[in-house]
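Visitor: Could you take me through one part of this model up close? I'd like the sheet, what packs on it, and a residue in a loop beside it.

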Amino acid sequence: MERTLFVISDLHLGGAEGFQMCSAAGRVRLARFIDWAAAQKRDGAEIHLVLNGDIVDFLAEEDETGFTAFVVDEKKARRKLTHIAQGCEEVLAALRRFTTAGNRLTLLIGNHDVELSLPAVRRHFLGLLGGGRIEYLYDNEAFTVGPVLIEHGNRYDSWNMVNHGELRQIRSQLSRSEKPGVFSAQPGSELVARVMNPVKKQFAFVDLLKPETGGVLPILAVLNPGLWQEMGTAMRERAAAWYRGRFTEEGLPECADYVAAEKVSTTQAQSLPENLRTGFDEADKAAADALPRGGQVGRIKDVAVAVLLKKFRDWRGKADLTFGVEYEDEEYLKPAREHAKRFRVVVFGHTHLAKRIDLGNGALYLNAGTWADVMRIPAAVYEGNEAAGVQALTRFLDDVEKNNIASFRRQVATFARIELDGDERLQSADVFFFDDDGGTAPISSAGLRERLA
């Protein structure tokens, strides 16, 4: 039977007040998309929806102990999931309509929803979805059909590789009502729970602005140097405690558990590559270090804004690459090329940036993007003379400092659509925008920038 595959990634449903990455309007659009996808069914073909990781966001949910990188207690994790479900009923209802109509649904976990793999939590989630033709992949298994490979993509991100060896042992213990062992949460999740979330309570833009290193860190260096320095220290400490990133030349993880459990000292960590030691590249760190320091939150010196403006304008080419659909970081392109030796279409998520890249020899790399909100530096910061740029940047800094960011948040909803014939041969594959009016269009760099404007 012919098959139409729809792939959406990084929904990030849920979150405490002020921590929701997928807005109320975004959830309405997501439910509309699920219904639209179901309506694409035609005679002799089936509709198959893949939710490609970070479906819900446990890292954005607070409990009685605050934010945590991982919840091994299944009762606590279920309570978090129940709270998430109460806030996104329109999406769950659309998924129930989708499966009730006989369509296929496949679920993959990412790095923000690892708890969905726990036995009781998994059963609870399936209950919320109401049953039907649902496939649940949670043991680092990619989804493949014919010439297509789909996975979240965090497997190739040294900060967010999940230790599936430990996780598998914990699931085995929980399934037998035994006391679970310790799960070594990925450093990226530790960073979110212990550092980013406390910062977000003060500055809500920190996990929405792209690019992170060339945007978030320098802005924090101006608004609150103490917070910026805490973030940098925390990044270095997390990297010193984990020797991750053992990859082959093809970008594939070497460790059987996909994250090494070996602890190393701070001194040993100095031998790690710079991006693993600090979490951001050396040039961006040096530029942020060079910014004049304000005395307290809210004191933005004119000279600091002028320096920051120069850095942003120097980085404009790099920022534009971030939003270019034909560009992807090598840490994802390298494994995609390796997979392309066996598959014609490789689909990732995780980065929140939609991509379409020709890998050569008829192979294609797609990134399905995100349904979470995204922010970027306003175009006015890059345009006009220096005085106009300083004025635009000052307004932007004033808004983000006061958390007046609603006018900057954008949901650029995207999905991958892949057509297979009855013999699972590839007919077409691309990534599309899904606009608020239900319209669709193939992704483009110009279209992405227009929707972020």
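**A helix across the sheet**

Guide: Let's start with helix α14 (residues 330-339), which lies across β6 (148-150), β8 (345-348), β9 and β10 and runs at about 145 degrees to β8. Axes here are lines fitted to C-alpha atoms, for helices over the stretch in contact (heavy atoms within 4.5 Å), and angles run from 0 to 180 degrees between N-to-C directions. Helices (H or I, at least four residues) and strands (E, at least two) are DSSP runs, numbered from the N terminus.

Bear in mind that this is a predicted model: local features need pLDDT of at least 70, side-chain atom pairs count only at pLDDT 80 or more, and totals for chains, interfaces and linings use all residues. Residues are numbered from 1 along each chain as its sequence is written, and side-chain values use heavy atoms, leaving out hydrogens and water.

Now the sheet: it's open, with five strands in the order β5-β6-β8-β10-β9 and mixed pairing (two strands pair if DSSP finds at least two bridges between them). β5 (143-145) and β9 (355-360) are the edge strands, each pairing on one side only. From one strand to the next, the twist averages 15 degrees.

At the β9 edge, five bridges link β9 to β10 (residues 363-367) in the antiparallel sense. One of the residues involved is K355, whose bridge partner in β10 is N367.

N367 also leads us to T351, in the loop between β8 and β9: their side chains share a polar contact of 3.2 Å (N or O atoms within 3.5 Å; within protein, one must be able to donate a hydrogen and the other to accept it, and residues adjacent in sequence count only if both atoms are side-chain atoms). T351 counts as buried because its relative accessibility is 12%, where buried means under 20% relative accessible area, exposed over 50%, and partly exposed in between (1.4 Å probe, protein chains only). Leaving aside residues up to four places away in sequence, T351 touches K210, E328, Y332 and N367.
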